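Colleague: Could you take one part of this model and walk me through it slowly, in words that a first-year student can follow?

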Amino acid sequence: MNNLKDLRNKSKKSQQEVADYLGVSRQAYSHYENGKREPDLETLLKLGEYFECSVDEILRPSNEKKRPSSRMSAQSMTMILNSPSGEHGRLMTMFWMQSKHLQNSLGKTVEINNVEQLYCYAEYRDYDVYHYYLTSDNLESLSVMENADQKCYIAIDPSKIKSKADEFCKLLHEIGHCDRGAFYNQYSSLDIRKKHENTADKQAIRLAIPAEALDRAVAEGYDQIWSLAEYFGVTEDFMRKALCWHVYGNVESQLYF
């Protein structure tokens, strides 16, 4: 099911040694190898550090050859993002790249107006996105960054996706964390957590609903929360945050709606 056994054999480690590193029993670790149990994302990251490999390499079936890099050229990325979507209105937005090189390479405004194009954006930014069943009832998606190489990973629980718009907004939010490096740990105070969550929301809004696109939508007669949400292909909750950000400069939608 995965590549753990091959990685362990190449490293000449026993199941017990790996289990001790993870802080689990040997039997629990053996379940990871034989597919009886799936490691959570935190465990996958620990395994990646232990075997000095990517999470993608761990999850790849042992009989599957290593895939070539999936990083696309800027020209190919622009071509994909400018293809007709056929599902939602065509919305113009800029990639808010942290890298000036990427901005110069793209060289023009591109469009992100549905979840398929957003997955292309994540791939171009080298964010690994996984559909992964998250054990916590309150956790529907998450993003993490490896300390070693600053690589970002995103997990979305497919069993908790309510709609296409819901998936779009969840991925937007997690990409917002990755784009802005807005991460915190379990020991962070509530105000620090809120700050980084808001930062992720603001970046998500920049990507999906820039001010120019919102002005155009309103001018075309979309002046209700539900109609704007449908126009942009997002949830009503996300639309409320976007309106608050553009009108009031914050994303505290509960203060205004």
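**A close look at helix α12**

Modeller: Among the elements that cover the buried residues of α12 are α9 (164-180), α10 (190-208), α11 (211-219) and α13 (236-248). Please keep in mind that this is a predicted model. The helix itself runs over residues 225-232, and it is mostly covered, since six of its eight residues are buried. Those buried residues are Ile 225, Ser 227, Leu 228, Ala 229, Tyr 231 and Phe 232. Just after α12 comes Gly 233, which has a positive phi, near 70°.

One of the buried residues, Tyr 231, deserves a longer look. Its relative accessibility is 11%, and because buried means under 20%, Tyr 231 counts as buried. Tyr 222, at 31% relative accessibility, counts instead as partly exposed, a class that lies between the buried limit of 20% and the exposed limit of 50%.

To place the rings of these two residues, it helps to know that a pair of aromatic rings is described by the distance of the centres and the angle of the planes. The count comes to six aromatic pairs. In one of them, the rings of Tyr 29 and Tyr 32 have their centres 6.4 Å apart and their planes at 90°, so this pair is edge-to-face. Tyr 222 and Tyr 231 also form an aromatic pair, with 4.6 Å from centre to centre and 45° between the planes, and this pair is tilted. The reason for the word "tilted" is that planes under 30 degrees apart count as stacked and those over 60 as edge-to-face, with the rest called tilted.

The pair of Tyr 29 and Tyr 32 makes a useful companion to that of α12. Both of these residues lie in helix α3, three residues apart, which is about one turn of the helix, and both are buried. An α-helix has 3.6 residues a turn, so residues three or four places apart point the same way. Tyr 29 and Tyr 32, together with Glu 33, are also the residues of α3 that meet Leu 4, Lys 5 and Arg 8 in α1. By class, this contact of α1 with α3 has three nonpolar, no polar and three charged residues. The axes of α1 (residues 4-11) and α3 (residues 26-34) come within 8 Å and cross at roughly 115°.

Elsewhere, ring pairs link Tyr 21, Tyr 50 and Phe 51 into a cluster.

Methods. Residues numbered from 1 in each chain as written. Predicted model: local features only at pLDDT ≥ 70, side-chain atom pairs only at ≥ 80, totals over all residues. Heavy atoms only, no water. Axes fitted to C-alpha atoms, helices over the stretch in contact; angles between N-to-C directions. Helix = DSSP H or I, 4+ residues; strand = E, 2+ residues; numbered from the N terminus. Contact = heavy atoms within 4.5 Å. Nonpolar A, V, L, I, M, F, W, Y, C, P; charged D, E, K, R; others polar. Buried < 20%, exposed > 50% of the residue type's maximum accessible area, 1.4 Å probe, protein only. Phe/Tyr/Trp six-rings, centres within 6.5 Å; stacked < 30°, edge-to-face > 60°.
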